[in-house]
Amino acid sequence: MIDLPKTYEPQAVETKWYERWLELRCFTPDPASRKPAYSIVIPPPNVTGVLTLGHVLNNTIQDILARKARMEGREVLWLPGTDHAGIATQAVVEKTLKKQGLIRHRDDLGREAFLARVWEWKEKHGGIIIQQLKKLGASCDWSRERFTMDPAYSRCVQQVFVDLHRKGLIYRGRRMVNWDPAARTALSDEEVIMTEEQGSLWHLKYPLLDERNQPLADAFVIVATTRPETMLGDEAVAVNPADPRYQHLIGRHCLLPLQNRRIPVVADELVDPKFGTGCVKVTPAHDPADYEMAQRHRLPLTVVIGPDGVMTPAAGEDFVGLDRMEARKAVIEELETQGLLLKVEPYTHNVGYSERSHVPVEPYLSDQWFLRYPSIDASTAAVEQGQIRFYPDRWVKTYTHWMRNLKDWCISRQLWWGHRIPVWYRKPAGSSSEGGARHVEADPATAAIHVDVEPPPDPENWVQDPDVLDTWFSSWLWPFATMGWPESTPTLRKFYPTTDLVTGPDIIFFWVARMIMAGYEYLGDKPFAAVYFTGIIRDKLGRKMSKSLGNSPDPLDLIAQYGADALRFGIMRSAPLGQDVLYDELHVELGRNFCNKLWNACRFRQLQGGSPEAEIDPALLTVDDKWLLLKLDRAIREISSAFAEYRFTEVTQTLHRFFWNEYCDWYIETSKAVFQGDNPARKANTLAVIDFVLSHMLRLFHPFLPFITEELWHGLDYQLELPDAQGGQTIMFAPWPKPLGDTFKLHYGLDESDERLVDARCALIGRGRNLRREFNIPANRKVTFVIRPTGGMSPHDVEVLRLLLNADAVNLDPAYAPPQGTPSALSELGELFMPLAGLLDVAAERARLTKELAKVQIEIDRVQVKLDNPAFVQKVPPAVLEDHQKRLADARAKQGQLQAALDALGNP
């Protein structure tokens, strides 16, 4: 054995073993292997992104699944890559260039020069998160790393566009879309984050006109709006035809203030009579519902807010050039000056924000490319019928509801960074010629088009569509495009469909549902068998992590301070299935403590000497040995069950209980009775049991703690005499532990009665320790215990009791008659007594306990008064009320313990 240092130094160990794993190509699968396949594709992070705690959680889970599958003897592909992140990356590069004073807008550079700058940025920053994932221990096959803008991947994306266009599922149309005025691009519905805001509801007065189109005296139509700046583009006022208050106005006209235009009053069932006054302004070019009404009533479409969020000339000379929010103030001021602002009310409503640029989204009438989703029925049935399992399954309802209410997907984006749409428009005849003639762009509405992966044979006569595809249009192909599709590659044949997907529920529509549809459309099969939805990581106060709040630690700093294993284990212990994670650095600190405990436990084994993993002799097994083997069997079964349901936190809880409580706190302590004895054969047998259990334990821990388990596996020589592919080179391929079978249990004489016996002895020891605490006996003070046993007890059992109770002696006396006031505790094994003679001054102890009881009573009375006060209970925050209730319960429990201790002393 290699001597393990006294303390565990994670940095050196992590670097050494990750390099070794890469050298051995442990992460690179063989598609020709006859092993059953396991595959998982990484949710591609933004190419310019950096590691966050969300990435730590997601990728740790993926690594756990991949490492466990390798140990189960499966050929594992964990396929990594990054996403070009169209809007986000372009915004970062534009912001940087503006900050450097190189541009005011990307048009200053031109498309090709700007894209060259983006590629420079990608090459400089694109690999950062990949290197950070390696620090975490991610066992991805880096030889297959993909990028959504790689040439082969880009061609795949274009081919899908062309195919869906030919199937009639992709079309170009003029629609009301979500528009991001900061990024100047269209967004899909899923990219709009609805945010509740405290705003205002302005009530505006539109003068009613008579038959000669003259304003009537003191006659107005009152409309209510949250966006007064859009009134400059109003084309009508609408009322519900069933609303009796306004039926007399239908067909009349009113004057649009500030624009001085005559607009009609129309009847439309879309109007909610309960909103505002029941009269609504109709702005067809700037509201989806108004656009629908405009189609029915053949109203004009007047655009008053441009794509940059600035008012257009159609808004009028007093407002043109103003930002939309500036225009809002100016419109209100002018209406107030003219006496046309009736009132303003506070109003809570939802405002759509761009997911990427975080500015309010503008409904905008625009020509865009749309997709009618393919393979909807198969994709819906796959989840409903369980061919694809969701964990937790509550997300099935969310998924199916969305699938049954699909709207066509706006797939075009007005960006330069991304997959350019493979559509070309023929230029008008004579639009370009030699000698510098004026260049004329093609009109997409009337020009002939060429839709193909390859450009037209005479490209000089064509102009390509300037838009790019939505980033999600490339990532929805991720499970198979990364494996070489459309070619039938060995990787694709071996590893598709993939096994698991780990992702957040926030992209169930963006990504998960679309991948399922793409999988059925192009491979005729599901893209994955199971989807695990992680929770959101929040701070202790329940807030989402963000740099602005200062509550988002750098995972690399945590790894440097505590080690990667500590971070992984700490995060996983606090991440219940489907629930948000309340992050506390204490969890990582506890992870480090756990690693140190594991290290010290293995050092204890090493310090005992002896050959590693000798044969266990059934005849020499103690009841403690059998108890430990049965506890190991139970732990393996619980872990297997939890893994089957993706309950990772339960796995860590079981591992913690078995290792820390059952192995360290009980078995190692009881084994000292053997090691301090004079039976070498039994000592050797105990070491064999320890090696058997530790080798299983290290394998169970490996998916969670890859680095320290690899170091200890070799430090204890457990790799010796194992084939290279089964743990001889690395624990990564050591067989995953299986429950102990009936044949094993029969051979070693394992019986549940042994487990019950030791459990009862542990309970007896616990009660004995409680007696020491209750009577304030210091841990270093030796005592003598007496047991009045209910049955037989072996000398080994008595010696274990002596050691774990830190006693001078433990005497068995079936006829023991204790002096009055002797503390005692009942158990299955008998009654335990702690004679107090010579241990403490009974009178002084009685006085101490009486004084403590008085203090506790004061605390109970103080808290009870508050809780009996209705004003306190009803007004304080729930957390404060819960704290007081806990204080009362704790005080009463302590009161009971003190009273029991006082009663045990007997009467004075």
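**Exercise 1. In which sense do strand E26 and E27 pair, and over how many bridges?**

Step 1: Strand E26, residues 783–789, runs parallel to E27, and the pair shares 5 bridges. Strands here are DSSP runs of E with at least two residues, helices are runs of H or I with at least four, and both are numbered from the N terminus. Two strands pair if DSSP finds at least two bridges between them.

Step 2: Look across from Val 786 and you'll find Asn 811 in E27.

Before going on: this is a predicted model, where local features need pLDDT of at least 70 and side-chain atom pairs 80 or more, while totals for chains, interfaces and linings use all residues. Residues are numbered from 1 along each chain as its sequence is written, and side-chain values use heavy atoms, leaving out hydrogens and water.

**Exercise 2. What is the strand order of the open sheet, and which strands are at the edge?**

Step 1: The 4 strands come in the order E27-E26-E29-E28, with mixed pairing.

Step 2: E27 (807–812) and E28 (824–827) are the edge strands, since each pairs on one side only.

Step 3: From one strand to the next, the twist averages 20 degrees.

**Exercise 3. Which strands does helix H24 touch?**

Step 1: Helix H24, residues 795–804, packs on the sheet and touches E26 and E27. Contact means heavy atoms within 4.5 Å.

Step 2: The direction of H24 makes about 145 degrees with that of E27. Axes are lines fitted to C-alpha atoms (for helices, over the stretch in contact), and angles between N-to-C directions run from 0 to 180 degrees.

**Exercise 4. Why is Cys 664 not bonded to Cys 602?**

Step 1: Check the gap: the sulfur of Cys 602 is the closest cysteine sulfur to that of Cys 664, but at 8.9 Å it is too far for a bond. A disulfide needs two cysteine sulfur atoms within 2.5 Å.

Step 2: Now try Cys 762: its nearest cysteine sulfur belongs to Cys 664, 14 Å away, and Cys 762 is in no disulfide.

Step 3: Count for the whole structure: 0 disulfides.

Step 4: Cys 664 has 9% relative accessibility, so it counts as buried. Buried means under 20% relative accessible area, exposed over 50%, and partly exposed in between (1.4 Å probe, protein chains only).

**Exercise 5. How many helices and strands are in the protein?**

Step 1: Count them up: 27 helices and 29 strands.

Step 2: Of the 908 residues, 53% count as buried.
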